[in-house]
Amino acid sequence: MQRNGQLPSAGAAVGYARVDPLIDTPIPPIPGESENLVFFGHDPNTGLSFWSHMGRLAPDGSIWEGIFALYLPDGSVLSHRSIGRSVLTPATAQIRYEPTQPSQRWAIHLDGVAQRIALADTGARPVSLVHGPGTSAAPRDPYEPLRVDLEFSGTSPVHDTDVSGQDWGTLHIHQLGRIRGTVKFGSRTVAVDFAGGRDHTRGPRDFTTLAGEWWATCTFPSGRSIDLLQTWHTDGAVWFSGVIRDGNGTSEVRRLDPVPLFDTLGRPAEFEIKLETDSASVGITTTVLNGLPYTLVRPTGFLPGVVDVDASTLIAVEGAARYTWDGESAYGWIERCRPLRDLTMTTSTLAKELR
């Protein structure tokens, strides 16, 4: 890991797989803390992608915020957001997550509504919450039924990321996997097979000091995988964690260059991820397939689309990506976060900021 520009020592420990089956099971709310779970994936056969987040909201940890975004091949998205109360299970009245086999399998169910909006529109405004009669015009971002029945199966160990000193959690685990099942929208019921992953965070959570972040993850057909995370903060501190896996085992990333984010639509859509391990320098070509911005709510929460709250408003752009590493290509996920006011920065400016 890197803090304030300092690389870790050669003896730094690589993250490991937790063996306690309870570590990945949701727990009752703890005052002053949160719990957040994410699932995501892309299915190249149907052209569908999804991103889903469930998190406890402050100050009452029994209140959950459920997010589900289904990205459609035509450039639109079905955006779901609901709020509900559940002491233990991550759930609202419409969406719930269930750990069916700790650290290996999860069920994701949604039986409710979503709003259809063009992804291009979300870069300039929030998803509208206005719906109903009163004008002759069709309501903006109309609601429609959405049903989702998915099962996540892990294809990698649960990677325990050391997030000591971070403001967004004290436990943070990642896992790559496949998500299979069905999604039903409009008149269609579609069988899906997403390549993707998940994360699970627990502890105090506050986005106030976060100045930027990105996360890239992917599994390749050969079995190689990447899991890369970098954050920087308002006090100038820089932190990262990354592992790559291949037939020779797991290697920790010793150096990780920042990736660009120019605007709220997730451009540029093509760039190279550059990293170093003890034994190699790696370049991974990245092509972003889609991007939906979320406005981060302090201390925790997400609003679909762009809401200009104040001068330090943070925007996280979530999207599927195609990665190419030494000629081998696969589909994964890319998350990039920046202050709204900075989404005109150049790559060179961003690189200088993080040195």
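Where does Pro59 lie? In this predicted model, Pro59 is found in the loop between strand 2 (48-56) and strand 3 (63-71), and the peptide bond that joins Ala58 to Pro59 is cis, with an omega of about 0°. A second cis peptide bond can be found further along the chain, where Arg267 is joined to Pro268 with an omega of about 10°. Pro268 also has its place in a loop, this one between strand 15 (255-256) and strand 16 (270-276).

From the peptide bonds we can turn to the backbone angle phi. Ser103 is not a glycine, and yet its phi is positive, at about 65°; the residue sits in the loop between strand 5 (95-101) and strand 6 (105-118). Asp326, likewise a residue other than glycine, has a positive phi near 55°, and its loop is the one between strand 20 (314-325) and strand 21 (328-339). The surroundings of these two residues can be read from their accessibility: Ser103 has a relative accessibility of 14% and therefore counts as buried, whereas Asp326 is exposed because its relative accessible area is 65%.

Ser103 also leads us to Asp24, since Ser103 is one of the residues in contact with Asp24 once neighbours within four places in sequence are left aside. The others in that group are Trp106, Ile173, Arg198 and His200. Asp24 itself belongs to the segment before strand 1 (34-43), and it counts as buried because its relative accessibility is 0%. Although Asp24 and Ile173 are 149 residues apart along the chain, their C-alpha atoms are separated by 8.4 Å. The side chain of Asp24 takes part in polar contacts as well, including one of 2.4 Å with the side chain of Arg198 and one of 2.7 Å with the side chain of His200.

Charged side chains deserve a separate look. Side chains of opposite charge can pair when their charged atoms come close. How many salt bridges does a search of the whole structure find? The search finds 21, and among them is the pair of Glu65 and Arg81, whose closest N and O atoms are 2.8 Å apart. Glu65 lies in strand 3 and Arg81 in strand 4 (residues 76-85), so this pair ties together parts that are 16 residues apart in sequence. Glu65 is buried, with a relative accessible area of 1%, while Arg81 counts as partly exposed at 36% relative accessibility.

Another salt bridge brings together the side chains of Asp257 and Arg255, with 3.8 Å from N to O. Asp257 is partly exposed, with a relative accessible area of 28%, and Arg255 likewise counts as partly exposed, at 38% relative accessibility. Asp310 and Arg298 form a salt bridge too, with their closest N and O atoms 3.8 Å apart. This pair links distant parts of the chain, twelve residues apart, with Asp310 in the loop between strand 19 (302-304) and strand 20, and Arg298 in the loop between strand 18 (292-296) and strand 19. Salt bridges can also share partners, and in this way Glu35, Arg56 and Arg202 are joined into one network.

Finally, we come to the cysteines. A disulfide is a covalent bond between the sulfur atoms of two cysteines. A search of the whole structure finds zero disulfides. Cys218 counts as buried because its relative accessibility is 1%, and Cys337, at 2% relative accessibility, counts as buried as well.

Technical notes:
Residues numbered from 1 in each chain as written. Predicted model: local features only at pLDDT ≥ 70, side-chain atom pairs only at ≥ 80, totals over all residues. Heavy atoms only, no water. Helix = DSSP H or I, 4+ residues; strand = E, 2+ residues; numbered from the N terminus. Buried < 20%, exposed > 50% of the residue type's maximum accessible area, 1.4 Å probe, protein only. Contact = heavy atoms within 4.5 Å. Polar contact = N/O pair within 3.5 Å; in protein donor to acceptor, adjacent residues only side chain to side chain. Disulfide = S-S within 2.5 Å. Salt bridge = Lys/Arg side-chain N within 4 Å of Asp/Glu carboxyl O.
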